[in-house]
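This report describes the arrangement of domains and chains in a protein model. The sequence and structure are shown first, followed by the description.

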Amino acid sequence: MADITAPAYRTIPIVPALKPGAMEGKGPYIANDKHQEALGFPGQLVDNWHDKAIAKMGELLGKFRSLRVYMDACVHCGACADKCHYFIGTQDPKNMPVARQDLMRSVYRRYFTFAGKYFPKLVGARDLTREVLDEWYNYFHQCSECRRCSVFCPYGIDTAEVTMAAREILASIGMGQKYSNEIIGKVHKIGNNLGLPEPALRDTLEGLEEDVKDDTGLDIRFPLDVKGAEVLLITPSADFFAEPHIDGLIGYAKVFHATGTSWTLSSMASEGANFGMFIGSYDQLRKIALRIREAALELGVKRIVVGECGHAWRVAYSFWNTLSGVGDGADETDRFAQMLQRQLDHRYKQPTHICEFTWDLIQRDALKFDKSKNDKYVITFHDSCNVARGSRMGDTPGGQFEIPRNIIKAVANNFVEMDPNTTRERTFCCGGGGGLLTDDLMDLRVKGALPRMEVLNQAVQQHGVNYMAAICAICKTQFSKVMPVYGFDRRMVGGVHQLVSNAIILGDN
Amino acid sequence: MASIEVDGKNYETDEEGYLVNLSDWNKEIADYIAKTESIEMSDQHWEVINFLREYFDEYQIAPAVRVLTKAIGKKLGAEKGNSEYLYGLFPYGPGKQACKIAGLPKPTGCV
């Protein structure tokens, strides 16, 4: 960390000068045999990796028609080229989304198209060599699957799906990523990404009850494994562990307390995050989602509410229904999904985002705030990529942008926007999403944060912003780590419900 | 596998320098790892490291930052019970850097 420095701010907007090879390297640590085998992947690079990789690619092309379209459709127009935060921050031309995808597209052409099979040189088709494989591993771990480039693609190519496919092929031949795969193993074994066992979680929550009692004089509960509770809260485990995340958890608890909502956390499903999406594995995506169904059925809850976690909300909003039966759409023969459908209360959205939950109460005048409690802050909002581009909230298009902002405006007096080219569906990734929030990628993370830091700096200069709110555990951790490198205080980033927590007026209910 | 050599003996670590076998840990190893992190161990550092190890013994995981600050505050006085104090001792973050020196596994996830 000591020798990592922040790149200089650019005069915005400019296309960065190219630095070919700037980010060549080995990529993040490769998962060891234990982490790989726990997920059913081979422990190390298999002997016949070439044939297996091509077969896997063929399987994915057959299974996901979208992937074949993305391989065929690109016309290299360049609209995406300067839209990627990693390209802007690293200046490595292979981090232009079009170029990164072409690392795979060139191999696709060689093995799956007529022209590439017979005239490879004419169409830029390449054999899958060991060098190409290593290049995949390195550069497909310099994409955070944030899908900003897709917003600008005239064909709507979903770059994240190309990255996911590449990572799935790599893991299936023994080249999984340590950070993500170790974590997925912990979810299955212990219940959350952190590896926080039930007694430690219980101790942490009891400690929080004491703290909040000291602060407010009220008995605000943080219930765990309570059967018959109305709401099951599924939140990232960072909310139990890290700063500033834990202040958001206190905010959720105060909202539940203020409205007399009975709620519970689950020790079995004490994790909202689903890294199955990051590694592109449908099987893992589903397995991780099913823990939540199991907990919901066991506890008999009526509602499932999701805490501040970006990709968790994308998975919950977009995939939980068919994966697990939270929301309508699961297979009719999936007995447990149908059982859960009957159990949940359909007067409410299933699942509900904590911001939808709180905003609904605010609109019904069920919560009272002292906005002056947040007067020391000039607040801006960083849209998290998976919420912004992979989900929605509320009943109207763009609800995922409006609802968090509406909550902030309801609990604080000073709110300003950042440059509109970098918010809402055009938001920049924090630089740590998509399975890249690991110390061994710190250089990449600092460089990838450049576009957001530039725009934040503008807002600081113009408006005196001193609080950037986000609704994603990854954003919160990434910013609190990289902001000091850019000369900002790490405490400048915090959750929306941290602001709610500061301002909420609690009676004795 | 990577390893470190302390007082003529080899100890296995992971790629990032965290001890693989918790039972290998001793004060000399802690001093050695601290040096690689550019930290000069003082009594204040040891107070944190000792608490981490006690907590780990009971719960099989490092404490949350808030649990740690509260415990340190109770033990050593309210002026030390805040994350600024801990960041002062362990600039890369009390969670990861102190765990590494204490010979505990790295907290994983979005932290």
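The C-alpha centres of domain 1 and domain 3 of chain A lie 30 Å apart. The model is predicted: local features need pLDDT of at least 70, side-chain atom pairs count only at pLDDT 80 or more, and totals for chains, interfaces and linings use all residues. Residues are numbered from 1 along each chain as its sequence is written, while chains are lettered from A and ligands numbered from 1 in the order in which they are written.

**Domains of chain A**

The domain assignment, whose bounds come from an automatic or database source, divides chain A into domain 1 (33-176), domain 2 (191-356) and domain 3 (369-503). The contact between domain 1 and domain 3 of chain A takes 14 residues from domain 1 and 16 residues from domain 3; two residues are in contact if their C-beta atoms, placed from the backbone, lie within 7 Å. On the domain 1 side, the elements that give two or more residues are α4 (85-90) and α8 (148-152) of chain A, and α4(A) gives the most, with five residues. Helices (H or I, at least four residues) and strands (E, at least two) are DSSP runs, numbered from the N terminus.

**Contact between chains A and B**

The contact takes 31 residues from chain A and 18 residues from chain B. On the chain A side, two or more residues come from each of α10 (178-190), α11 (198-216), α12 (238-241) and α22 (473-482) of chain A. The largest share, five residues, is that of α11(A).

The table gives the composition by class of two contact sides. Ala, Val, Leu, Ile, Met, Phe, Trp, Tyr, Cys and Pro count as nonpolar, Asp, Glu, Lys and Arg as charged, and the others, Gly among them, as polar.

| Side | Nonpolar | Polar | Charged |
|---|---|---|---|
| Domain 1 of chain A, touching domain 3 of chain A | five residues | six residues | three residues |
| Chain A, touching chain B | 19 residues | six residues | six residues |

**Chain B**

Chain B holds five helices and two strands, in the order β-β-α-α-α-α-α from the N terminus on. Its C-alpha trace spans about 40 × 30 × 25 Å along the principal axes. The radius of gyration of chain B, 14 Å, agrees with the value near 13 Å for a compact globule of 111 residues; this radius is taken over C-alpha atoms, and the globule rule is 2.2 Å times the number of residues to the power 0.38. Of the 111 residues of chain B, 34% count as buried, that is, with 20 or more other C-beta atoms, placed from the backbone, within 10 Å of their own. Among contacts in chain B with a separation of 6 or more, 44% are between residues 24 or more positions apart.

Methods. Buried ≥ 20, exposed ≤ 12 C-beta atoms within 10 Å, placed from the backbone.
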